[in-house]
Structures are given as structure tokens and as C-alpha cells.
Amino acid sequence: MDYCILGLDPVRERPMEENQVVKIRLKKFGAKKRPYYRIVVQDSRKPRDGETIEELGYYHPIEAEDKQISFKEDRAKYWLSVGAQPTPVVKKLFNVKGLAQDGSTIAK
């Protein structure tokens, strides 16, 4: 059966969504009471620790202040420019590092 002609998703055999939302969110790793997170680009329908499109960086809340957040700023700007939606926590992390939601750099 040719699913694309019918407008069906070949994996789930249901109508394909035109506007699939891509999110920039945190993926949890680490041990009990010692969490660390990766900042990832992921389909919003996937589980938190599921398959990702791209890993942008990391967030270590327990580390020293200057080592807590690190991410690829150019890739984050790209994903924001193509419409990826950051979660509220990731928005705050981007603001701490001086990156606005529209992809521009904030002067510190």
C-alpha cells in the first residue's frame, strides 16, 4: 500500500501531521541526586529521554556557576530561526548565556 499517496504516516497508518512541532528541551541523565541534562532538539511527541534530532549542549546544575551551561550557540540560533520552540527552562538557560528566543544575541 502506498501510504504517501493516501496521506498516511507509514509507521502508524494515521493521517500525517502538517505542522509537527520541534522542541528544544532537556534530556535527563545522571545518578540519583546528581542530575545533569543535555540540551536537545526533539519532536514534541517523543518521550523526554527518547530519540533526539540533535544534541546542542549540556546543563549541569550541580557544577560551579561558570561550568553549568554549555551549548552550540550557532546551532541553537539555527533551530530557533526555523521555528523550534524552546521549553521555559531552556529559554531561561539561553537568556543566562545571552541568547534571545528569536536567535539574536543579548548584550550582557
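R38 is partly exposed, with a relative accessible area of 26%. R38 sits in strand β2, which covers residues 34-43, and its side chain takes part in a salt bridge with that of E55. The model described here is a predicted one. Its chain has 108 residues, with three helices and five strands.

**Overall layout**
- Read from the N terminus, the order of elements is α-β-β-β-β-α-β-α.
- Buried residues make up 31% of the 108 residues in the chain.
- The chain exposes about 7,400 Å², and 50% of that area comes from carbon and sulfur atoms.
- Of the contacts between residues at least 6 apart in sequence, 30% join residues that are at least 24 apart.

**Salt bridges**
- Six salt bridges are found when the whole structure is searched.
- The bridge between E55 and R38 has an N to O distance of 3.3 Å.
- This pair links distant parts of the chain, with E55 in strand β3, R38 in strand β2, and their positions 17 residues apart.
- E55 is partly exposed at a relative accessible area of 33%, and R38 is likewise partly exposed, at 26%.
- R48 and D49 form another of the salt bridges, in which the closest N and O atoms are 3.0 Å apart.
- R48 has a relative accessible area of 45% and counts as partly exposed, while D49 is partly exposed at 41%.
- The side chains of E54 and R75 also meet in a salt bridge, at 2.9 Å from N to O.
- The E54 and R75 pair again joins distant parts of the chain: E54 belongs to strand β3, R75 to helix α2 (residues 73-81), and they are 21 residues apart.

**E54 and its surroundings**
- E54 lies in strand β3, which spans residues 54-59.
- E54 counts as buried because its relative accessible area is 17%, and the cut-off for buried is under 20%.
- Its salt-bridge partner R75 counts as partly exposed, at 29% relative accessibility.
- The E54 and R75 side chains are also joined by a polar contact of 2.9 Å.
- Leaving aside residues up to four places away in sequence, E54 touches V40, V41, R75 and W79.

**Q42 in strand β2**
- Q42 is a residue of strand β2.
- Q42 is buried, with a relative accessible area of 0%.
- The side chain of Q42 reaches the backbone oxygen of P47 at a distance of 3.0 Å.
- Beyond residues up to four places away in sequence, Q42 touches a list of residues that includes V21, V22, K23 and R25.
- That list also includes P47, R48, G50, E51, T52 and I53, and R48 is the residue that forms a salt bridge with D49.

**Helix α3**
- Helix α3 covers residues 88-96, and its buried residues are V90, L93 and F94.
- Viewed down the helix axis, these buried residues fall within an arc of 100 degrees, so they line one face of α3.
- The face turned away from that buried side carries the exposed residues P88, K92 and V96.
- The buried residues of α3 pack against strands β1 (22-31), β2, β3, β4 (69-71) and β5 (85-86), and against helix α2.
- G98, just after α3, takes a positive phi of about 90 degrees.

**The nonpolar core**
- In soluble globular proteins, nonpolar side chains tend to be buried together.
- The largest nonpolar core of this model has 17 residues, and the members that touch the most other members are I24, L26, I39, L56, F71 and F94.
- The elements that give two or more residues to this core are strands β1, β2, β3 and β4 together with helices α2 and α3.
- F94 is one of the buried residues of α3 and one of the core members that touch the most others.
- With residues up to four places away in sequence left out, F94 touches I24, F71, A76, L80 and L99.

Technical notes: Residues are numbered from 1 along each chain as its sequence is written. This is a predicted model: local features need pLDDT of at least 70, side-chain atom pairs count only at pLDDT 80 or more; totals for chains, interfaces and linings use all residues. Side-chain values use heavy atoms; hydrogens and water are left out. Helices (H or I, at least four residues) and strands (E, at least two) are DSSP runs, numbered from the N terminus. Buried means under 20% relative accessible area, exposed over 50%, partly exposed in between (1.4 Å probe, protein chains only). Contact means heavy atoms within 4.5 Å. Accessible areas come from the Shrake-Rupley method with a 1.4 Å probe; for residues, only the protein chains shown count as cover. A polar contact is a pair of N or O atoms within 3.5 Å; within protein, one must be able to donate a hydrogen and the other to accept it, and residues adjacent in sequence count only if both atoms are side-chain atoms. A salt bridge is a side-chain nitrogen of Lys or Arg within 4 Å of a carboxyl oxygen of Asp or Glu. The arc is that of the directions from the helix axis to the C-beta atoms. A nonpolar core is a set of buried Ala, Val, Leu, Ile, Met, Phe, Trp, Tyr and Cys residues joined through side-chain atoms within 4.5 Å.
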